[in-house]
Amino acid sequence: MAEDDTRPDENDDEEAVVDAEYPSTRPVDPRVEEEALRIAEALVFASAQPVSTRFIEERLPRGIDARTVLLRLKDDYARRGVNLVQIEDSWAFRTAADLSFVIRSDETDIKKLSRAALEVLAIIAYHQPVTRAEIEDVRGVTTSKGTLDVLMEAGWVRFRGRRRTPGRPVTLGTTRDFLDHFGLEELRDLPGLEELKGAGLLSGRIPANFNIPMPQGEDELGDDEDPISQLDLEELGLLTPGGEAEE
């Protein structure tokens, strides 16, 4: 009697196991992909703030990789008047860089920073985490509280933590809004030495051993830093006793 050829193939079982363990290897219905694109586009468009990849992932059809969808959407918008930009692990729609002059007006521009504020912002960006005393050491002059207040009101500078040294000075760093405003995806996109020299921002006679420092990540505390607690915020005058934010 002839053997039954309908017996399941062992290879079929192995493929089923692979699909179960790695669902992303299965072919995705093009209609599902298009729907995922529309959902991601709507989520970013509807938000006034950059939207995290994780937030979008949780709202996409099961088995769809959010980053893949967002990169495709970014490519789709690359040649339009509005671009999808990545800011750390978040996404936002922004006016194309070469068209920003069309919609910019005196009413919407952030007040221009003073030279002192620009110097302090640059030191914080490149040296973070950095304390006020360290900023003054780099600049060679005292930094007024008003200068730091301007940068914090702009939303570009924040308190990071407290240094594990006598006096436990507060450390400062930049924010996601700083990256967003200056069109940077992450801190590693800050201009390097050659770029700064090419832009005329550094003298051609700088010391041979001069290096541009690489700042630590936005949310990475250094080995010599402690996170800021509620008690620290109260001490800094950012919270009233009991945990309520000051107006």
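This is a short walk through two regions of the structure above, starting with a helix and ending with a strand.

Hi everyone, thanks for coming. Please keep in mind that we are looking at a predicted model.

Let me start with helix H8, which spans residues 145–153. Which residues of H8 are buried? They are Thr147, Leu148 and Leu151. These three cover an arc of only 95° around the axis, which puts them on the same side of H8. If you rotate to the face turned away from that buried side, you will find the exposed residues Lys145 and Glu153. As for what the buried residues pack against, there are two helices, H6 (115–127) and H7 (132–139), and two strands, E5 (157–163) and E6 (170–174). Just after H8, have a look at Gly155, whose phi is positive at about 85°.

Now, one of those H8 residues leads us into the largest nonpolar core. That core has 22 residues, and Leu151 is among the members that touch the most others, along with Leu121, Ile124, Ile135, Leu172, Phe178 and Leu190. Which elements give two or more residues to this core? They are H6, H8 and helix H9 (176–181). H6 gives the most, with seven residues. To see the packing around one member, click on Ile135: setting aside residues up to four places away in sequence, Ile135 touches Val120, Ile123, Ile124, Val130, Thr143 and Leu172.

Apart from this core lies another one, of 16 residues, including Val51, Ala66, Val69 and Tyr77. So let's move over there.

In that part of the chain, helix H4 covers residues 66–77, and Leu70 lies in it. Is Leu70 buried or exposed? Its relative accessibility is 0%, so Leu70 counts as buried. Beyond its neighbours within four places in sequence, Leu70 is in contact with Ala40, Thr53, Ile56, Leu84 and Trp91. Take the last of these: Leu70 and Trp91 are 21 residues apart in sequence, yet their C-alpha atoms are 8.2 Å apart in space.

Trp91 also brings us to the strands. Strand E1 (residues 51–52) pairs with strand E3 (residues 90–95) in the antiparallel sense, over two bridges, and Val51 stands opposite Trp91 there. On to strand E2 (residues 82–87), which runs antiparallel to E3 and is joined to it by six bridges. One pair to pick out is Asn83, whose bridge partner in E3 is Arg94. The hairpin of E2 and E3 has two residues between the strands, and Glu88 takes a positive phi near 55° in it.

Last stop: back to E5, one of the strands that the buried residues of H8 pack against. Five of the seven residues of E5 are buried, so this strand is largely enclosed by the rest of the structure. How many bridges link E5 and E6? There are five, in the antiparallel sense, with Arg158 opposite Gly173 in E6. Their hairpin has six residues between the strands, and Gly167 there has a positive phi near 90°. E5 also runs antiparallel to strand E7 (residues 225–227), joined by three bridges, with Arg162 standing opposite Asp226.

I'll finish with Thr171, in strand E6. Thr171 counts as buried because its relative accessibility is 0%. Its side chain makes a polar contact of 2.6 Å with the side chain of Glu225. Among the other contacts of Thr171, leaving aside neighbours within four places in sequence, are Pro129, Val130, Phe159 and Arg160.

That's my tour. Happy to take questions!

Technical notes:
Residues are numbered from 1 along each chain as its sequence is written. This is a predicted model: local features need pLDDT of at least 70, side-chain atom pairs count only at pLDDT 80 or more; totals for chains, interfaces and linings use all residues. Side-chain values use heavy atoms; hydrogens and water are left out. Buried means under 20% relative accessible area, exposed over 50%, partly exposed in between (1.4 Å probe, protein chains only). Helices (H or I, at least four residues) and strands (E, at least two) are DSSP runs, numbered from the N terminus. The arc is that of the directions from the helix axis to the C-beta atoms. Contact means heavy atoms within 4.5 Å. A nonpolar core is a set of buried Ala, Val, Leu, Ile, Met, Phe, Trp, Tyr and Cys residues joined through side-chain atoms within 4.5 Å. Two strands pair if DSSP finds at least two bridges between them. A polar contact is a pair of N or O atoms within 3.5 Å; within protein, one must be able to donate a hydrogen and the other to accept it, and residues adjacent in sequence count only if both atoms are side-chain atoms.
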